[in-house]
Amino acid sequence: MAAVVGRIKLGSQGLEVSAQGLGCMGMSASYGPAKPESDMIQLIHHAVNSGVTFLDTADIYGPFTNELLLGKGLKGIREKVELATKFGISVDDGKFEIRGDPAYVRACFEASLKRLDVDCIDLYYQHRVDTRIPIEITMGELKKLVEEGKIKYVGLSEASASTIRRAHAVHPITAVQLEWSLWTRDVEKEIVPTCRELGIGIVAYSPLGRGFFSSGSKLVDQFSETDFRKHMPRFQPENLEHNAHIFELVNEMATKKGCTPSQLALAWVHNQGNDVCPIPGTTKVENLNQNIGALSLKLTPVEMAELESYALSVKGERYHLAMASTSWKKADTPALA
């Protein structure tokens, strides 16, 4: 299914990005061992040449190795790309902590700039909100970085509606990154409406349910020992059998529409509105091409509602308790996306 990757305005501050982005985390971390660098650079170039120019990374991915990878991959094509990275999760001797103090913000930014080998970051997110530091203080430092010309736009990730409002009052927020898919829809109650009220763009990570809507329960057979999805509640045996039925229903509709289940699930996110940019991750060119195909798939309101009804009874939380914590003190791998 061929499709053209159009452009959208992300938020109301002037940032324009490809209608679909590329989450780069899995190239280097979290979903098993890092993939061969040369292959991933080829994938990045293929994405950009295909019109997928909105690239998403974070300092914690690796840690640090994903930004280094993008730095190499962007050589010669930096001007074609909208580059987003994140700060806010500190790692020290295997322990994770959320931080948002000004000195940390600036140190993280300077380190990311060096690893990415660029002179400016298009969209800089606070990855997780430090509840010990007033958001106004963190935003104050980000505002300074914008005024210094080092950051073009500011974003938040996994922030509450009230935090978004407070941050936006200090400096305009361009985008909020959040998990949004057929089986993760809690953001629709408060966060999405708040973003729309304030003119903030929405960046949907894990729009394919961390790969579940690509292959269903068979996905767990592919998990390596270092894949953090092994520990996620929705992939545990007590929940997986039930959730597999959701995939079967999605797959049946996809067959009727002549597309793949992953394209159907991704199209559902695209059909949420032109202020939403999903950033599915992949390490394979064929999957990237398939994801692009979702852009040309139109769904009727009846089809949207039917898809939503399938996943109403999903079993299992998004993360296990150590991942869901806002301040990790254990050596467990946190929810990095």
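User: Which residues does Asn239 touch, not counting residues up to four places away in sequence?
Analyst: This is a predicted model, in which local features need pLDDT of at least 70, side-chain atom pairs count only at pLDDT 80 or more, and totals for chains, interfaces and linings use all residues. Residues are numbered from 1 along each chain as its sequence is written, and side-chain values use heavy atoms, leaving out hydrogens and water. Asn239 lies in helix H9 (residues 237-257); helices (H or I, at least four residues) and strands (E, at least two) are DSSP runs numbered from the N terminus. Contact means heavy atoms within 4.5 Å, and outside the excluded sequence neighbours Asn239 touches Pro233, Arg234, Lys315 and Gly316.

User: Is Asn239 buried or exposed?
Analyst: Buried means under 20% relative accessible area, exposed over 50%, and partly exposed in between (1.4 Å probe, protein chains only). Asn239 has 12% relative accessibility, so the residue counts as buried.

User: How many helices and strands are there in the protein, and what is its radius of gyration?
Analyst: The protein has 13 helices and 12 strands. The globule rule (2.2 Å times the number of residues to the power 0.38, with the radius taken over C-alpha atoms) gives 20 Å for 337 residues. The computed value is close to this, so the protein is as compact as a globular protein of that length, with a radius of gyration of 19 Å.

User: What share of the residues in the protein is buried?
Analyst: The C-alpha trace spans about 55 × 45 × 40 Å along its principal axes. Of the contacts with a separation of 6 or more, 77% are between residues 24 or more positions apart. Among the 337 residues, the buried share is 58%.

User: What share of the accessible surface belongs to carbon and sulfur atoms?
Analyst: Accessible areas come from the Shrake-Rupley method with a 1.4 Å probe, and for residues only the protein chains shown count as cover. The surface of the protein comes to about 13800 Å². The part belonging to carbon and sulfur atoms is 52%.

User: Within what arc do the buried residues of H5 fall?
Analyst: Helix H5 (residues 135-147) has 13 residues and reaches 18 Å from its first C-alpha to its last, close to the expected 18 Å, where the expected span is 1.5 Å times one less than the number of residues. Its buried residues are Ile135, Thr138, Met139, Glu141, Leu142, Leu145 and Val146. They line one face of the helix because, seen down the axis (by directions from the axis to the C-beta atoms), they fall within an arc of 155°.

User: Which elements are included in what covers the buried residues of H5?
Analyst: The cover includes both strands and helices. The strands named are E5 (82-87), E8 (121-126) and E9 (151-157). The helices named are H4 (102-116) and H6 (161-170).

User: With which residue does Glu158 form a salt bridge?
Analyst: A salt bridge is a side-chain nitrogen of Lys or Arg within 4 Å of a carboxyl oxygen of Asp or Glu, and the structure holds 26 of them. Glu158 lies in the loop between E9 and H6, and its partner in the loop between helix H12 (301-310) and helix H13 (321-324), so the pair ties together parts 160 residues apart in sequence. Glu158 is partly exposed, with a relative accessible area of 25%. Its closest N and O atoms are 3.0 Å apart in the bridge with Arg318.

User: What is the N to O distance in the salt bridge of Asp227 and Arg229?
Analyst: Asp227 is buried at 2% relative accessibility, and Arg229 is buried at 9%. Their side chains meet with an N to O distance of 2.7 Å.

User: Which residue forms a salt bridge with Lys230?
Analyst: Lys230 is partly exposed, with a relative accessible area of 29%. Its partner is exposed, with a relative accessible area of 67%. The bridge spans 3.7 Å from N to O, and the partner is Glu225.

User: What is the omega of the cis peptide bond between Gly62 and Pro63?
Analyst: Most residues other than glycine have a negative phi, and most peptide bonds are trans. Pro63 is in the loop between strand E4 (54-56) and helix H3 (65-73). The cis bond that joins Gly62 to Pro63 has an omega of about -5°.

User: What is the phi of Ser30?
Analyst: Ser30 lies in the loop between helix H1 (25-28) and helix H2 (37-49). Ser30 is buried, with a relative accessible area of 9%. Although Ser30 is not a glycine, its phi is positive, at about 75°.
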